Structure formats: C-alpha cells, structure tokens
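Me: I have a protein model to look at and would like the reasoning behind each label. Please take the terms one at a time.

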Amino acid sequence: MRVMKEHIRCVHITSHDVDTKQELKLSSLLAMCQESSEQQLAEFGLDHAELSRRDLAFLLARVFIQYHRIPVEGEDVTISVCPRGAQGAQYFREFHIRKGEELLVEVMESWILVELSTRKIRPPSIMEDLKIDIESHRGKWMGRLSRLKMPKEMPLLSQREIHYSDLDFNGHVSNIHYGRFLLDALPSYANFNPDPEKKMEPPRSYQKIWINYIGETKWADILRIYGQENENGFYLYAENTSGRSIECKGE
C-alpha cells in the first residue's frame with residue numbers, strides 16, 4: 001500500500017497572478033491548487049493523461065476558501081496539498097498556503113471521479129486496485145462541504161458567451177475561469193474604474209468564499225449570472241442551457 005502524503009511546492013506570486021490591489025486573484029488561487037493536485041497525482045501515475053486512458057476524470061465539486069491574509073505580488077510562498085480520504089462519492093483535498101511559518105490561506109476541496117465518456121459518477125472503490133492510502137497521513141476529513149442555500153430571487157447581473165480559450169482538457173469550462181466570471185459580475189467589480197482620476201475605492205477583499213460546481217458549461221454556451229451584494233458579502237449563481245451550473249457565496 002502506497003501512502004499519499006503531503007505534496008509541497010514553492011510558488012512565486014507574479015504580476016499576472018494579482019489584481020489592482022496587488023493581491024492574489026481568486027482565479028490564480030484556484031489555478032495554484034489545481035496544479036498542486038495534478039503534480040501530486042502524477043507522482044502516483046494518476047495525472048489527467050493516465051486517467052483519460054482509463055476513461056476516468058476527477059471533476060471539482062465543492063470548494064471552501066479561508067483567507068487569513070491574501071498573498072501579494074512578489075511574495076514567495078509554499079502551497080501544500082494533502083488528501084483527506086473519501087466520503088461517499090467525494091474525495092477530499094486540503095491545501096495550505098504559507099509564507100514561512102505564517103498561514104495565509106486554507107482551502108478544502110471535494111472532487112468526484114467520473115467515467116469520462118458518459119460523465120457517470122464512479123465510486124472510490126474503482127481505484128482499489130491501485131492500492132493507494134489517502135487517509136492515514138493526515139486522517140480522514142470528517143467535515144462537510146454542503147450545498148449552498150441561495151436566495152430565491154436575484155437579479156441577472158451578467159451574461160457570458162463561452163469561447164474555446166475558456167475550456168480545459170476535460171472539454172468544459174475550467175473551474176479556474178469561474179473565479180473570473182463570477183467576481184466580474186458583482187456590481188462592485190463590474191463598476192470599478194481603476195483610472196486614478198476617478199478616485200474610486202477598489203472592490204473589497206473577502207475572508208471566506210464557498211463555490212459549488214453543479215453542472216458543466218461547454219463551448220458556445222451562454223452563462224447567465226445572477227446575484228446580489230451587500231455590506232456582509234455576496235451570493236452568485238450561474239445557469240446555462242442545461243440548468244444551474246455553479247453557486248458561490250462570499251463573506
């Protein structure tokens with residue numbers, strides 16, 4: 001039995017990773033987590049190319065992000081990822097971003113394993129022949145990443161046509177890009193003009209963000225984004241021609 005332990009890599013926060021406040025963008029954070037997961041899985045022969053050969057794919061289902069301090073441009077940080085076992089059809093991965101001993105960001109993600117050709121969910125038992133222990137190193141995660149409770153009626157904020165460059169190797173919109181699509185729809189982001197002569201306050205940063213990925217969005221689809229924003233945070237959800245695609249909450 002091979003034990004999947006914590007995978008740690010060093011990352012330099014570059015100019016294209018940050019926003020107008022020189023803070024790490026949500027999309028950049030999601031990209032960092034995805035690459036760390038891919039590197040760890042590759043060490044066990046489970047990178048996306050090998051999974052595709054088996055007609056399998058990991059799809060991101062839910063994310064919870066807790067910011068203690070948002071990394072900024074020019075910082076050198078470490079990002080670690082550690083598997084936290086499986087529960088039902090979900091696999092859990094925990095991420096920590098640190099600068100030295102300072103914990104900057106915590107992320108918990110849940111993933112589902114699907115049959116690539118049919119998108120049918122496959123149970124964790126299908127991987128038992130690989131004999132990989134994903135629980136003993138840090139223990140099985142006993143928390144929950146629950147379905148978000150959205151307000152019943154929210155106004156349409158934005159519509160976005162999906163183009164080829166929005167897609168990933170699974171043929172649907174990359175989970176990373178939703179970080180841009182959703183925040184761009186918020187009025188505080190959509191109406192912000194960075195021209196110094198406008199003297200506008202930049203959009204607020206958020207301490208906690210929840211994202212639930214519900215349905216795939218594919219090429220040429222139209223993503224309709226609904227939401228509301230107040231002094232405490234925001235709610236957002238998006239729909240495509242097949243129904244609800246994603247939900248997001250920020251505090």
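Me: What makes the confidence in this chain something one can state in numbers?
Reply: This is a predicted model, and pLDDT is the predictor's confidence in each residue, from 0 to 100. The protein chain averages 93, and 100% of the residues score at least 70.

Me: Where is confidence lowest, and where is it highest?
Reply: The lowest mean, 88, belongs to helix 2 (residues 48–53), and the highest, 98, to strand 2 (residues 7–12).

Me: Why are helix 1 and helix 3 called roughly antiparallel?
Reply: Their axes come within 8 Å and cross at roughly 170°. Angles over 145 degrees count as roughly antiparallel, and therefore helix 1 and helix 3 get that name.

Me: How do you know which residues of helix 1 and helix 3 meet?
Reply: Contact means heavy atoms within 4.5 Å. By that test L26, S27, L30, A31 and Q34 in helix 1 meet N175, I176, G179, R180 and L183 in helix 3. By class, this contact has five nonpolar, four polar and one charged residues.

Me: What makes a residue part of the lining of the largest pocket?
Reply: A lining residue has an atom within 4 Å of a point of the pocket. The largest pocket has 42 such residues, and F58, L59, L60, I112 and H172 lie nearest its centre. Elements that give two or more residues to this lining include helix 1 (26–43), strand 6 (102–115) and helix 3 (175–185). Strand 3 gives the most, with seven residues.

Me: How many residues of each class are in that lining, and how much space does the pocket hold?
Reply: The lining has 20 nonpolar, 14 polar and eight charged residues. About 750 Å³ of space lies in the largest pocket.

Me: How do you know what I121 touches?
Reply: I121 sits in strand 7 (residues 121–122). Leaving aside residues up to four places away in sequence, I121 touches A89, I112, L113 and V114, where contact means heavy atoms within 4.5 Å.

Technical notes: Residues numbered from 1 in each chain as written. Predicted model: local features only at pLDDT ≥ 70, side-chain atom pairs only at ≥ 80, totals over all residues. Heavy atoms only, no water. Helix = DSSP H or I, 4+ residues; strand = E, 2+ residues; numbered from the N terminus. 1 Å grid on protein atoms, 1.4 Å probe; cavity = no way out; pocket = protein on both sides within 12 Å on 5 of 7 lines; lining within 4 Å. Points joined across faces, edges and corners; volume = space filled by probe spheres on them. Nonpolar A, V, L, I, M, F, W, Y, C, P; charged D, E, K, R; others polar. Axes fitted to C-alpha atoms, helices over the stretch in contact; angles between N-to-C directions. Parallel < 35°, antiparallel > 145°, perpendicular 65-115°, else oblique.
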